[in-house]
Amino acid sequence: MAAESTTFPLSAPSAAAPVLHDRLFDWYDRHARDLPWRRPSTSPYAVLVSEVMLQQTPVARVLPAYAAWLRRWPTVGDLAAATSGDAVRAWGGLGYPRRALRLHATARAVVARHGGRVPSGIDDLLVLPGVGEYTAAAVASFAYGRRHAVLDTNVRRVLARLVRGEAVAPPTLRAGERATATDLLPREPAAAAAWGVALMELGALLCTATGPACTVCPVADVCRWRAAGMPAYAGPPRRRQPWHGTDRQCRGRLLASVRAADEPLPRSALDATWPDVVQRERALAGLVADGLVEIRPDGAVGLPG
């Protein structure tokens with residue numbers, strides 16, 4: 001598909017939408033991955049679990065954790081009945097463990113406020129602990145078939161290239177992005193939900209951050225970025241979060257040690273996890289402040305609850 005064959009007026013995305021829908025749906029039907037949270041039998045609770053786990057975490061790492069989590073807590077009521085420490089332990093090595101606390105708190109809120117049924121409305125979802133705009137839209141769309149623009153990293157990158165001709169999306173979500181994404185949604189809610197998943201899959205498999213496979217992309221001939229010669233990102237440098245030697249790494253080491261122990265650990269048992277005493281104590285204080293660990297009256301460190 002040659003870039004110079006661009007014919008669709010993407011300055012008005014809705015004018016191109018029917019053709020884009022047909023092409024992307026056809027591609028998705030043939031190439032989509034079989035992921036458990038996309039199956040028709042998936043409960044709204046399981047969709048919520050998948051969306052929280054997939055935040056900043058690759059699918060390959062999420063798959064076993066997702067399966068294990070739902071084996072242990074198959075319903076939102078099961079999770080609500082557990083302790084927050086149980087949730088943190090089960091989170092394992094997924095990273096960003098505060099997500100486990102928020103998911104557990106959300107389960108308790110759903111039981112208390114909604115009788116154990118994950119709500120379908122955006123407003124009700126947004127007031128749940130840790131549920132932001134993206135997660136609320138994803139649950140409403142993918143679990144209940146509601147018509148919402150679901151803007152994750154992959155979707156934002158696809159639309160930045162396809163509609164605006166830019167290599168990457170802005171660092172923070174802008175109103176114009178939301179408007180464009182809404183303009184491109186199919187009118188039928190179920191089709192809109194399928195469109196969101198298909199856009200995500202296109203970004204994950206073809207329109208990737210570093211190696212876009214434009215030669216096999218179903219919408220390459222109407223992509224403004226490709227038509228412009230695929231210009232590189234020319235904005236200010238984007239910061240990469242360091243890891244080695246940081247408080248984040250230290251926190252991870254400490255939490256892993258506490259999580260692996262059957263009983264609360266004496267403070268001395270944590271000494272070997274990190275050589276810098278000042279940094280270790282600072283990281284431990286941060287874990288306590290975030291509710292990820294507790295210091296018992298005898299000084300031992302354990303999971304909450």
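## Exercises on helices, cysteines and salt bridges

In helix H11, the buried residues are Ala192, Ala193, Trp195, Gly196, Val197, Ala198, Leu199, Met200, Glu201, Leu202 and Gly203. Buried means under 20% relative accessible area, exposed means over 50%, and partly exposed lies in between (1.4 Å probe, protein chains only). Helices (H or I, at least four residues) and strands (E, at least two) are DSSP runs, numbered from the N terminus.

This is a predicted model: local features need pLDDT of at least 70, side-chain atom pairs count only at pLDDT 80 or more, and totals for chains, interfaces and linings use all residues. Residues are numbered from 1 along each chain as its sequence is written, and side-chain values use heavy atoms, with hydrogens and water left out.

### Exercise 1: Helix span

Task: Work out what span helix H11 should have, and compare it with the distance between its end C-alpha atoms.

Solution.
- Take the rule: the expected span is 1.5 Å times one less than the number of residues.
- Helix H11 covers residues 189–205, which is 17 residues.
- The expected span is 24 Å.
- The end C-alpha atoms are 25 Å apart, which agrees.

### Exercise 2: One side of a helix

Task: Find which residues of helix H10 are buried, and explain where they sit around the axis.

Solution.
- Helix H10 runs over residues 175–184.
- Glu177, Thr180, Ala181 and Leu184 are buried there.
- They cover an arc of only 95° around the axis, so they are on the same side of H10.
- The arc is taken from the directions that lead from the helix axis to the C-beta atoms.
- An α-helix has 3.6 residues a turn, so residues three or four places apart point the same way.

### Exercise 3: Cysteines

Task: State how many disulfides the structure holds, and explain why Cys217 has no bond to Cys207.

Solution.
- A disulfide is a pair of cysteine sulfur atoms within 2.5 Å.
- The structure holds 0 disulfides.
- For Cys214, the nearest cysteine sulfur is that of Cys223, 6.4 Å away.
- For Cys217, the closest cysteine sulfur is in Cys207, at 6.4 Å, which is too far for a bond.
- Cys214 is buried, at 15% relative accessible area.
- Cys217 is buried too, at 10%.

### Exercise 4: A loop residue

Task: Place Thr208 in the structure and list its contacts.

Solution.
- Thr208 lies in the loop between H11 and helix H12 (224–227).
- Its relative accessible area is 19%, so Thr208 is buried.
- Contact means heavy atoms within 4.5 Å.
- Leaving out residues up to four places away in sequence, Thr208 touches Arg157, Arg161 and Gly203.

### Exercise 5: Salt bridges

Task: Describe the salt bridges Arg30–Asp26, Glu201–Arg38 and Glu133–Arg178.

Solution.
- A salt bridge is a side-chain nitrogen of Lys or Arg within 4 Å of a carboxyl oxygen of Asp or Glu.
- The structure holds 15 salt bridges.
- In Arg30–Asp26, the closest N and O atoms are 2.9 Å apart. The two residues are 4 apart in helix H1 (residues 13–31), which means about one helical turn separates them. Arg30 is exposed at 53%, and Asp26 is partly exposed at 40%.
- Glu201 and Arg38 meet at 2.7 Å, N to O. Glu201 is in helix H11 and Arg38 in the loop between H1 and helix H2 (44–53), so the pair ties together parts 163 residues apart in sequence. Glu201 is buried at 0%, whereas Arg38 is partly exposed at 26%.
- Arg33, Arg38 and Glu201 are linked in a network of salt bridges.
- In Glu133–Arg178, the closest N and O atoms are 2.7 Å apart. Glu133 lies in helix H8 (residues 133–144) and Arg178 in helix H10, so the pair joins parts 45 residues apart in sequence.
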